[in-house]
Amino acid sequence: MKTVELRRHAEREKDADALSPEGRAHAETVGRTLAADYDVLFVSPAKRAAETLALFLRGSGQQLPSHAVVPGLLSQEEDRWRSAGKAAGTSRIDAIARQDPDLVQRESARLRGVVEELFERVPEEGNALGV
């Protein structure tokens with residue numbers, strides 16, 4: 001069975017496409033808990049996602065397997081997500097969905113298509129990680 005594990009990037013610097021010091025430490029700690037050896041890695045074009053993935057690998061001790069930058073993993077609606085999260089008072093998806101249901105519905109459908117494409121790129125019986 002193929003698997004694709006999706007993880008969000010770690011905590012970022014305010015108003016920057018980079019991880020905060022806390023985010024870097026957290027990503028490496030999470031890496032130590034990763035059980036799977038991944039056959040392929042997928043990362044969004046965001047610097048913070050690449051940093052997170054590199055720290056996951058460092059924490060897990062895994063070497064860099066086959067990998068690809070996947071533009072579809074990066075939302076083109078980041079400003080709208082931030083506004084909805086600020087208005088909701090949290091980054092929880094259920095709260096954002098109550099604040100901006102159209103955003104969550106459209107982005108969920110878009111991301112579903114991206115994930116389906118990722119599955120096609122995973123070898124049979126393979127494991128993948130996307131950030």
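Start by selecting Arg 92 in this predicted model. Its relative accessibility is 52%, so Arg 92 counts as exposed, the cut-off being over 50%. Now add Asp 94 to the selection: the two residues form a salt bridge, with 2.9 Å between the closest N and O atoms. Asp 94 has a relative accessibility of 31% and therefore counts as partly exposed.

Next, colour a group of charged residues together: Arg 12, Asp 17, Arg 48, Glu 78, Asp 79 and Arg 82. Salt bridges with shared partners join these six into one network. Zoom in on one of the pairs, Arg 12 and Glu 78, where the closest N and O atoms are 3.6 Å apart. Glu 78 belongs to helix α3 (residues 78-88), while Arg 12 sits in the loop between β1 and α1, so this salt bridge ties together parts that are 66 residues apart in sequence. How accessible is Arg 12? With 27% relative accessibility, Arg 12 counts as partly exposed.

Now move to Lys 2 and show its side chain along with that of Glu 124. These two side chains meet in a salt bridge, at 3.8 Å from N to O. Here too the pair links distant parts of the chain: Lys 2 is in the segment before β1 (3-6), and Glu 124 is in the loop between α5 (101-121) and β4 (127-130), 122 residues apart. Is Glu 124 buried or exposed? Glu 124 counts as exposed, at 62% relative accessibility. If you would like to keep going with charged pairs, the structure has 15 salt bridges in total.

Time to hide the charged side chains and look at the nonpolar ones. Select Leu 41, Leu 53, Phe 56, Leu 129 and Val 131: they have the most contacts inside the largest nonpolar core, which has 16 residues. Which elements should you highlight around them? Try α1 (21-33), β2 (40-43) and α2 (47-60), since each of these supplies at least two residues of the core. The biggest share comes from α2, which gives five residues.

Stay with this core and centre the view on Leu 53. Setting aside neighbours within four places in sequence, you will find Leu 53 in contact with Leu 41, Val 43, Leu 129 and Val 131.

For the last stop, select Ala 68, Leu 118, Val 122 and Ala 128. They are among the ten residues of another core, which lies apart from the 16-residue one.

Notes: Residues numbered from 1 in each chain as written. Predicted model: local features only at pLDDT ≥ 70, side-chain atom pairs only at ≥ 80, totals over all residues. Heavy atoms only, no water. Core = buried A, V, L, I, M, F, W, Y, C linked by side-chain atoms within 4.5 Å. Buried < 20%, exposed > 50% of the residue type's maximum accessible area, 1.4 Å probe, protein only. Helix = DSSP H or I, 4+ residues; strand = E, 2+ residues; numbered from the N terminus. Contact = heavy atoms within 4.5 Å. Salt bridge = Lys/Arg side-chain N within 4 Å of Asp/Glu carboxyl O.
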